[in-house]
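Thanks for making time. I'd like to walk through one structure this morning, chain by chain, and I'll keep it short.

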Amino acid sequence: MRKALVRTAMLAGLSGIMMGCAVNETATVTVNDDGTTQIIESNSGLLSDSLSIADTKTGFVGNLLKAQVSIKNDSRKQLNFQYKFKWLDKNGFEVAIDGRPWTPISITPYESKTVQGVAPNPTVNSFKILVQD
Amino acid sequence: MKFVKLVAVIMAGLILASCASGPKIQYGDATSVETTTLGFGSTDLQTIAAKLVDDLVTFPPIVQETANRRPVVFVDKIKNKTTEHIDTESITDTIQTKLLQSGKFRFVDMTAVKAVQEQMQFQIDSGMVDPSKAVAFGKQTGAEFMLYGNMSSIVKRNSSAQDVYYKFTLKLLNLESGIMEWAGEKEIRKTGEKSFMSL
């Protein structure tokens with residue numbers, strides 16, 4: 001009885017460590033203004049296995065860069081995560097840091113969802129999209 | 001048994017070291033998703049501002065209008081028709097800042113009129129300012145457009161759950177012609193279990 005109690009307490013403690021201190025990591029996609037370069041850095045354990053970038057489109061509205069990214073859920077379960085656009089100028093400096101909020105999104109199994117964003121000003125010519133679970 | 005006790009003590013130590021120790025106050029990401037309660041929050045404010053600014057600066061007639069010049073706009077109050085106390089000026093401040101930083105619009109700040117008037121009066125009347133360097137009256141630029149709107153909500157609840165729906169509408173009116181040049185809307189729906197809510 002005592003042994004069982006100790007074992008339960010140990011398991012509860014272990015799961016507490018794993019759940020309570022989980023770190024959200026991000027996956028990043030970069031698309032340049034010519035639309036040709038695409039670098040995918042997947043450093044998120046859960047999301048890199050389950051998500052893929054199905055398509056990206058960029059265009060200018062006036063002189064502001066408009067970005068569209070189609071995110072696909074490759075897994076058999078519904079994924080709830082957050083995404084955020086990060087805007088960069090031609091020298092790679094981030095523009096309007098914290099200008100956009102993390103936006104919650106939910107994608108059903110094998111479905112693709114499109115997200116869009118418009119650059120905060122005309123100096124932007126490339127962007128990254130970040131996801132976190 | 002001694003071994004089990006030892007492992008239990010180590011595990012307890014690990015729990016305390018990994019989670020319970022550390023500072024009680026910490027800075028967080030201001031743009032992270034905030035779901036403390038069902039009430040209007042920072043994520044709602046940021047989402048509304050981002051969506052409406054994107055809509056406005058990409059609306060074709062506005063793209064044309066702002067292609068070679070930066071129209072002057074003034075921001076009127078946003079009517080809060082919800083049952084909550086919401087600082088709607090904070091929403092319009094964020095929208096105004098984003099529009100200004102886009103390089104597409106300029107603004108006249110009606111909240112600073114009194115202070116500006118007092119400063120100009122001081123420059124003329126005090127005798128302390130070189131008259132040739134004093135700012136002249138009657139030279140300010142008038143706004144061409146007015147930004148205004150409404151915020152409303154529908155709240156529904158039963159014994160176990162609550163649903164909140166927000167609708168924020170923003171409009172751009174041409175002051176000379178009286179024509180509404182653009183309108184944008186952002187809807188937000190949030191649901192929660194009753195026991196976790198505190199509107």
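I'll take the sheet in chain B, then one helix of that chain, then chain A.

Keep in mind that this is a predicted model.

Start with the sheet in chain B. It is an open sheet of five strands, in the order S2-S1-S3-S4-S5, and the pairing is mixed. The edges are strand S2, residues 106-108, and strand S5, residues 180-193; each has a single partner strand, so one side of each is left without a neighbour in the sheet. On average, neighbouring strands here are turned by 25 degrees against each other, direction ignored.

Inside that sheet, look at S1 and S3 of chain B. Strand S1, residues 72-80, runs parallel to strand S3, residues 145-157, and six bridges join them. For a landmark, find Ile78(B), which stands opposite Gly149(B) in S3(B).

Now the helices on the sheet. Helix H4 of chain B, residues 88-101, lies across S1, S2 and S3 of chain B, and runs at about 155 degrees to S1(B). Helix H2 of chain B, residues 42-58, also packs on the sheet, where it touches strand S4, residues 161-174, and S5. The direction of H2(B) makes about 150 degrees with that of S5(B).

What about H5(B), is it covered or not? Hardly: of its 13 residues, the count that are buried is zero. Helix H5 of chain B spans residues 113-125 and reaches 18 Å from its first C-alpha to its last, close to the 18 Å expected at 1.5 Å a residue. After H5(B) comes Gly127(B), with a positive phi near 80 degrees.

On to chain A, and confidence comes before anything else. The mean pLDDT of chain A is 73, with 64% of its residues at 70 or more. Which elements of chain A mark the two ends of the range? Helix H1, residues 2-20, has the lowest mean pLDDT, 43, and strand S8, residues 112-118, the highest, 92. Over residues 4-25 of chain A the pLDDT is below 50, and this stretch has 25 contacts in the model beyond near neighbours in sequence.

Last, one residue of chain A. Trp87(A) lies in strand S5 of chain A, residues 79-89. Trp87(A) counts as buried because it has 24 C-beta neighbours inside 10 Å, and the cut-off is 20 or more. Leaving out residues up to four places away in sequence, Trp87(A) touches several others, among them Glu94(A), Val95(A), Pro120(A) and Phe127(A). Thr123(A) is 36 residues from Trp87(A) in sequence, and their C-alpha atoms are 9.4 Å apart.

That's what I have; questions are welcome.

Notes
Residues numbered from 1 in each chain as written. Chains lettered and ligands numbered in written order. Predicted model: local features only at pLDDT ≥ 70, side-chain atom pairs only at ≥ 80, totals over all residues. Pairing = 2+ DSSP bridges. Helix = DSSP H or I, 4+ residues; strand = E, 2+ residues; numbered from the N terminus. Axes fitted to C-alpha atoms, helices over the stretch in contact; angles between N-to-C directions. Contact = placed C-beta atoms within 7 Å. pLDDT = per-residue confidence, 0-100. Buried ≥ 20, exposed ≤ 12 C-beta atoms within 10 Å, placed from the backbone. Expected span 1.5 Å × (residues − 1).
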